[in-house]
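Trainee: May we go through this model together, beginning with the terms?

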Amino acid sequence: MSSPGFEPHDHHHCIADGVAAAERHCAERRLQFTPVRRRVLEILLGQHKALGAYEILDILRAEGLGSQPPVAYRALDFLVAQGFAHRIERRNAFIACTHLEQRHAPAFLICRACDRVVEAQADPEAGELGRAAQAAGFVIERTVREAEGLCPDCSPGMPA
């Protein structure tokens with residue numbers, strides 16, 4: 001499973017590929033992929049950083065797509081429920097999923113200096129958490145793993 005990571009890449013491909021995957025998903029399940037839902041996903045896919053609902057609402061308002069908070073929150077709720085976006089708990093914000101067509105357990109690497117966020121793969125069944133769950137007879141359905149630190153561009157001693 002690959003991810004754009006912190007390296008430079010073409011955001012146009014992120015947006016086009018992500019929207020195409022969301023369109024396929026919605027068509028297969030007969031879900032409405034409304035213009036607002038599409039635009040919120042495009043905004044998230046183009047950023048690679050966690051955005052709050054009000055930041056997204058400001059963009060929607062400027063584009064004439066809505067001015068009330070429920071507009072952004074409804075779109076975000078839909079995107080998260082369908083797996084197109086993730087909520088970054090530590091920031092009370094949202095990021096586009098970079099693995100739309102794969103079942104996965106994400107872990108988020110958050111740069112505290114530039115606010116970029118990278119989605120990495122984590123296996124909640126492995127490691128200490130998995131062993132503790134197994135010993136307790138617990139079945140893990142969802143985990144939230146977030147690590148804050150410095151990306152390669154912001155880390156001391158790393159070339160920018």
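Mentor: A residue counts as buried under 20% relative accessible area, as exposed over 50%, and as partly exposed in between (1.4 Å probe, protein chains only). The model is a predicted one, in which local features need pLDDT of at least 70 and side-chain atom pairs count only at pLDDT 80 or more, while totals for chains, interfaces and linings use all residues. Residues are numbered from 1 along each chain as its sequence is written, and side-chain values use heavy atoms, with hydrogens and water left out.

Trainee: Is Arg30 buried or exposed?

Mentor: Arg30 sits in the loop between H1 and H2; helices (H or I, at least four residues) and strands (E, at least two) are DSSP runs, numbered from the N terminus. The relative accessibility of Arg30 is 79%, so the residue counts as exposed.

Trainee: What is the phi of Arg30?

Mentor: Most residues other than glycine have a negative phi. Arg30 is a residue other than glycine with a positive value, near 55°.

Trainee: Which pattern does the protein follow along the sequence?

Mentor: Five helices and five strands make up its secondary structure. Read along the sequence, they follow α-α-α-α-β-β-β-β-α-β.

Trainee: At what angle do the axes of H2 and H4 cross, and how is that arrangement named?

Mentor: Two packed helices are described by the angle between their axes and the distance between the axes. Here axes are lines fitted to C-alpha atoms, for helices over the stretch in contact, and angles run from 0 to 180 degrees between N-to-C directions. The axes of H2 (residues 35-45) and H4 (residues 69-81) come within 9 Å and cross at roughly 75°. Since angles under 35 degrees count as roughly parallel, over 145 as roughly antiparallel, 65 to 115 as roughly perpendicular and the rest as oblique, H2 and H4 are roughly perpendicular.

Trainee: How many nonpolar, polar and charged residues make the contact of H2 with H4?

Mentor: Contact means heavy atoms within 4.5 Å; H2 contributes Val36, Arg37, Val40, Leu41 and Leu44, and H4 contributes Val71, Ala75, Leu76, Phe78 and Leu79. Ala, Val, Leu, Ile, Met, Phe, Trp, Tyr, Cys and Pro count as nonpolar, Asp, Glu, Lys and Arg as charged, and the others, Gly among them, as polar. The contact of H2 with H4 therefore has nine nonpolar, no polar and one charged.

Trainee: Which element gives the most to the largest nonpolar core?

Mentor: A nonpolar core is a set of buried Ala, Val, Leu, Ile, Met, Phe, Trp, Tyr and Cys residues joined through side-chain atoms within 4.5 Å. The largest has 24 residues, and Phe33, Val40, Leu41, Leu44, Ile56 and Leu79 have the most contacts inside it. H1 (11-29), H2, H3 (53-62), H4 and E2 (93-96) each supply at least two of its residues. With six residues, the element that gives the most is H2.

Trainee: How many residues does another core, apart from this one, have?

Mentor: Among the members of this other core are Ala50, Ala93, Ile95 and Ile110. Its residue count is seven.

Trainee: Which residues does Arg90 touch, not counting those up to four places away in sequence?

Mentor: Arg90 is in the loop between E1 and E2 and counts as partly exposed at 47% relative accessibility. Its C-alpha atom is separated by 7.5 Å from that of Glu146, 56 residues apart along the chain. The residues that Arg90 touches are Ile110, Glu146 and Glu148.

Trainee: What is the phi of Asn92?

Mentor: Asn92 also has its place in the loop between E1 (85-88) and E2, and it is partly exposed, with a relative accessible area of 47%. Its phi is a positive value in a residue other than glycine, near 50°.

Trainee: How far apart in space are Thr143 and Ala122, C-alpha to C-alpha?

Mentor: Thr143 lies in the loop between H5 (127-136) and E5 (145-149) and is buried, with a relative accessible area of 16%. Thr143 and Ala122 are 21 residues apart in sequence; in space, C-alpha to C-alpha, the separation is 9.2 Å.
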